Amino acid sequence: MRRLTPYLLALPSWMWLAIFLVVPLAAMASVSLQTGNVIDGFVMTFSFGNYGDALGTYSTQLVRSLGYGATATAAMLVIGYPVAYWIAFKGGSRKSVYLFLLLLPFFVSFVLRTISWGFLLADDGIVLGTLKSWGVLSADFHVLATSFAVIAGLTYNWLPFMILPIYVSLERVDPRLVEAAQDLYATRGTAFRKVVLPLSLPGVFAGVLMTFVPATADPVNAQVLGGTGNTMIGNIIQTEYLVNNDYPTASALSFTLMAVLLVGIFVYARVLGTENVLEAAAR
Amino acid sequence: MADQSPIDTPTDRAIELEDVLKEYVSHGEVVQAVKGVTLDIAEGEFFSLLGPSGCGKTTTMRMIAGFEEPSKGVIRLHGRDVTDVPPNKRDVNMVFQSYALFPHMSVWDNVAFGLKQKKTSREEIKRRVGEMLEIVDLTGREKRRPREMSGGQQQRVALARALVNRPRALLLDEPLGALDLKLRQAMQLELKRIQREVGITFVYVTHDQNEALTMSDRIAVMKDGLIEQLAGPREIYERPATTFVAGFIGTSNLLTGTATGGVLKVGEGRVLVPGKEGEVSVTVRPEKITLAKQEPSGDVSALPGTVSEVVYLGTYNSYAVRLADGDEITVFEQNAHDATVTAERGDSVWLSWQAQHSYVMGS
């Protein structure tokens, strides 16, 4: 009995996963191969052509999404790593305060936060309006409805998910290791490059995973900040599903996105696999 | 008794501290961790900083390594003022408490780290790391990660990582603290052997008096940021300069009172304190005291008492003897060939020792 206990304890979560992840996925897989319309109903026809059609029509948006996701993730890494470093090594007794401040925006809904960014970046809003009235920017300068606005929004919205895992891995780095490196003739820069950075890579790895995937699939930022020319794959899926009621196309696109992300992650893990990264850093 | 250690007056000075002071601000209050320490450490010497936690010994060592900057005073390494020199530009290496080995590197890469930073040639790194691993008996374990090794092995990696750079001085911060007793004793001998082999100055921080006595040429006993006594192990043990040193190093008995005519009266007994007058405190080591059933004759210190405890400790017996005034005196008696005890619990006995074994502090 005792030997079974851990399995029994894990049973609810397994059932949760089975019911709310596997079942919908299976349903979605089935829908993606059906044909028909919302009035006459959909029938299973094993039409793998759905995938080809969807991809042919929306490859631009898919590629754009991956590009935006990757750019935003890179921006988050550049902005987030120093923040995590600063909190971990210089935060002192106020670490938890800084972490709380970092999470404070989450007390406001995701959509509302994005809309308020829309206000901030509006053509005559607080920032641009002021700069324009000072004559710093020309009157027709705009940020909204550009790819910059979408990427900035994605970066802002997912930044804490980059910072937190990096912070956790940096927090575990014993400051004495840095001292040891310096004692062994390394400059501060070398000590960081040879010791701190390699030891924080698992956090970077996790941070990239936790931000790239949702940022790439996100529909809200493109919708609120992107205007018409910056539609991402998330918006297409949403429209196909909720507006056009073309469930097979929406499902096929969802699966395609999932497959692309999974392959991407797999390649990323193989190329930058934590163990390999650590080996490389030691050289 | 004079100190027998070969280095009593440092000739070639490896490390000099001149009135070094370290202040911290903690919760808005200035705390002095080190309150003006002056010492010279000779080339090739095994020097220990000994004291209880919070005495400033680790801060002193960290200032020698360059991790802390003194608030006042001068630090010289081989005559060169390094007070403001960062740790990576100092010719000393440190063995950290709990080792601070790089967990993401193999044993080989850990040991080679310093040489790589110094841009040593590939062939020389290979040769020197190989040699060093041989000295610390880790040949064949080059590819292991630190976490795959035992505490003792990690300890030796840490030692090799520092020594491979051939520093002018090696700093060791409680390096054996994490090991169990048997391993610690083995490593003490090992450290001594390695120090003889490489001939480098060792500065050793410890709170373990046995460790310091076993290994050191000289010991600085510290308390509250100051050096209480700086001398060879024999002198520190036989001639403690203060009551604190007497109490901290080994076991000792302390008797206090007012002396008249060179004699301190304690109940029916007497303690000889030649040439002393007035308030005195007398320290006497347990192994210097003889235990007898009869009152001893002759020119010795003698005190009557009652045995309150006898503990058999293998190589010796330990007695606790209660004096008339309630003070308890510890006496060690070598376990001789007949393996009998001189007295049992409750016996009335006389304690005696020669005047030279009393260490008297006071006027």
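Me: Where is A:Pro219 in this predicted model?
Reply: A:Pro219 is in a loop of chain A. The loop runs between α8 (188-217) and α9 (220-225).

Me: Why is A:Pro219 called partly exposed?
Reply: Count the C-beta atoms. A:Pro219 has 18 others within 10 Å. Buried takes 20 or more, and exposed takes 12 or fewer. The count of 18 lies in between, so A:Pro219 is partly exposed.

Me: What makes A:Met232 a contact of A:Pro219?
Reply: The C-beta atoms of two residues in contact lie within 7 Å. A:Pro219 is in contact with A:Met232, and also with A:Gly234, A:Asn235 and A:Gln238. That list leaves aside neighbours within four places in sequence.

Me: How far apart are the C-alpha atoms of A:Pro219 and A:Ile233?
Reply: They are separated by 7.3 Å. Along the chain, the two residues are 14 residues apart.

Me: How do you know that the length of helix α4 of chain A agrees with its number of residues?
Reply: Set the expected span against the model. Helix α4(A) covers residues 110-121, which is 12 residues. The rule is 1.5 Å times one less than the number of residues. That gives 16 Å, and the end C-alpha atoms are 17 Å apart, so the two agree.

Me: Why can we say that the buried residues of α4(A) line one face?
Reply: The buried residues are A:Thr114, A:Trp117 and A:Leu121. Seen down the helix axis, they fall within an arc of 50 degrees, so they line one face. They pack against α5 (126-133), α6 (147-171) and α9 of chain A.

Me: Which exposed residues does the face turned away from the buried side carry?
Reply: That face of α4(A) carries A:Val111, A:Leu112 and A:Phe119.

Me: What is the secondary structure of chain A as a whole?
Reply: Chain A has 12 helices and 2 strands. Its pattern opens with α-β-β, and helices follow. Of its 283 residues, 33% are buried. The C-alpha trace spans about 75 × 75 × 35 Å along its principal axes.

Me: What share of the contacts in chain A joins residues 24 or more positions apart?
Reply: The share is 69%, among contacts with a separation of 6 or more.

Now to chain B.

Me: In what order do the strands of the open sheet in chain B stand?
Reply: The order is β6-β7-β8-β3-β9-β10, which makes 6 strands. The pairing is mixed.

Me: Why are β6 and β10 of chain B said to stand at the edges?
Reply: Each has a single partner strand, so one side of each is left without a neighbour in the sheet. β6 covers 92-95 and β10 covers 226-231. From one strand to the next, the twist averages 20 degrees.

Me: How do you know that β6(B) and β7 of chain B are paired?
Reply: Pairing takes at least two bridges. Here 4 bridges join β6(B) to β7 (residues 169-173), so the two strands pair. They run parallel. B:Met94 stands opposite B:Leu171 in β7(B).

Me: Which helix packs on the sheet, touching β6 and β7 of chain B?
Reply: Helix α4 (residues 151-163) of chain B does. Its direction makes about 175 degrees with that of β6(B).

Me: How many residues of chain B are in contact with chain A?
Reply: 17 residues of chain B are in contact with 18 residues of chain A. The largest share of the chain B side, 4 residues, comes from α2(B). That side divides into 9 nonpolar, 6 polar and 2 charged residues.

Conventions:
Residues numbered from 1 in each chain as written. Chains lettered and ligands numbered in written order. Predicted model: local features only at pLDDT ≥ 70, side-chain atom pairs only at ≥ 80, totals over all residues. Axes fitted to C-alpha atoms, helices over the stretch in contact; angles between N-to-C directions. Nonpolar A, V, L, I, M, F, W, Y, C, P; charged D, E, K, R; others polar. Arc of directions from axis to C-beta.
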